[in-house]
Amino acid sequence: MRIAVIGRESVGSGLTWALGQAGHEVYAIGRNEYLSAAVSQVEPVVLATPYGAVADLAGKADFAGKTLIAVSNPVTEDFSGLQLGHKTSAAEEIRSQRSGATVVKAFNTIFVQHYETGLKVNGQPVHTFVAANDEATRETVKSLAAEIGLEPVDADPLANARFLEPIGASIFGSDTSSVTAPGSHRAGNFPDTPNPTEHLI
Ligand SMILES: NC(=O)c1ccc[n+]([C@@H]2O[C@H](COP(=O)([O-])OP(=O)(O)OC[C@H]3O[C@@H](n4cnc5c(N)ncnc54)[C@H](OP(=O)(O)O)[C@@H]3O)[C@@H](O)[C@H]2O)c1
């Protein structure tokens, strides 16, 4: 598959590396560069930016008909809580901002460090929950998850992101130093990841 990962740092770099290792053609898209071209030429698109940045991206590319994998957990800037929840979720808000896109919640409970250990803990695959309203899309993303070595768990409709996002936020625990330490889990941790964005022009 041709896949775009928007957000090139911690989680974005890990997913770009893992999907590339699984044989996919993956484009790591930074702030605005190649965004519109990438979104028009790939399927699916992974949103691996902070939740606050997602609204920004809405007018910059046509997401209609696309599968959007929303990794974002809507944490507050100091990671002390969630910006939204209970009656909605980041994934549902993204869906309401992108008419015609199919939004999937996945990969949001995987701490970035797991990418560096091949998505295994003690030799066992890390689980990822996959929630989406469209069953076929859910199955596609579950297959992608399995291809990169994860154990996918079907989490049914997208509204279940209301439960999954607090879990994703809780993986940081009370110690957020590893999340905020500059350069601790950056693109440089996966230096051999190809990024053939010139093909997108
Ligand atoms: N870190 C984890 O362990 C973890 C685990 C599960 C889920 N998540 C979720 O995954 C998302 C990304 O987390 P992260 O830790 O990878 O964050 P990060 O290291 O801060 O990286 C965020 C990326 O988003 C890019 N970005 C920010 N604003 C943008 C915009 N307006 N347009 C395009 N790109 C933009 C940043 O670009 P610049 O470098 O140019 O700023 C950076 O590449 C978050 O929503 C987080 O809740 C994180």
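**Exercises on a predicted model**

Setting aside neighbours within four places in sequence, Tyr 34 contacts Tyr 27, Ile 29, Thr 197 and Leu 200. The structure is a predicted model, and the exercises below start from this residue.

**Exercise 1.** Decide whether Tyr 34 is buried or exposed, and say where Tyr 34 lies in the chain.

*Solution.* Begin with the position: Tyr 34 sits in the loop that runs between strand S2 (25-29) and helix H2 (35-41). Next, take the count of other C-beta atoms within 10 Å of Tyr 34, which is 21. A residue is called buried if that count is 20 or more, and therefore Tyr 34 is buried.

**Exercise 2.** Find out whether the radius of gyration of the chain agrees or disagrees with that of a compact globule.

*Solution.* For 201 residues, a compact globule would have a radius of gyration near 17 Å. The chain has 15 Å, which agrees with that value. As a further step, consider the box filled by the C-alpha atoms, which is roughly 45 × 35 × 30 Å along the principal axes. Finally, buried residues make up 46% of the 201 residues.

**Exercise 3.** Describe which residues and elements surround the ligand.

*Solution.* Start with the residues: 26 lie around the ligand, and Gly 7, Glu 9, Ser 10, Ala 53 and Ser 72 come nearest. Turning to the elements, helix H1 (10-21) and helix H3 (51-57) are those that give two or more residues to this shell, and H3 supplies the largest share, four residues. Lastly, sort the shell by character, which gives 13 nonpolar, nine polar and four charged residues.

Conventions: Residues numbered from 1 in each chain as written. Predicted model: local features only at pLDDT ≥ 70, side-chain atom pairs only at ≥ 80, totals over all residues. Rg over C-alpha atoms; globule rule 2.2 N^0.38 Å. Buried ≥ 20, exposed ≤ 12 C-beta atoms within 10 Å, placed from the backbone. Near = placed C-beta within 6 Å. Nonpolar A, V, L, I, M, F, W, Y, C, P; charged D, E, K, R; others polar. Contact = placed C-beta atoms within 7 Å.
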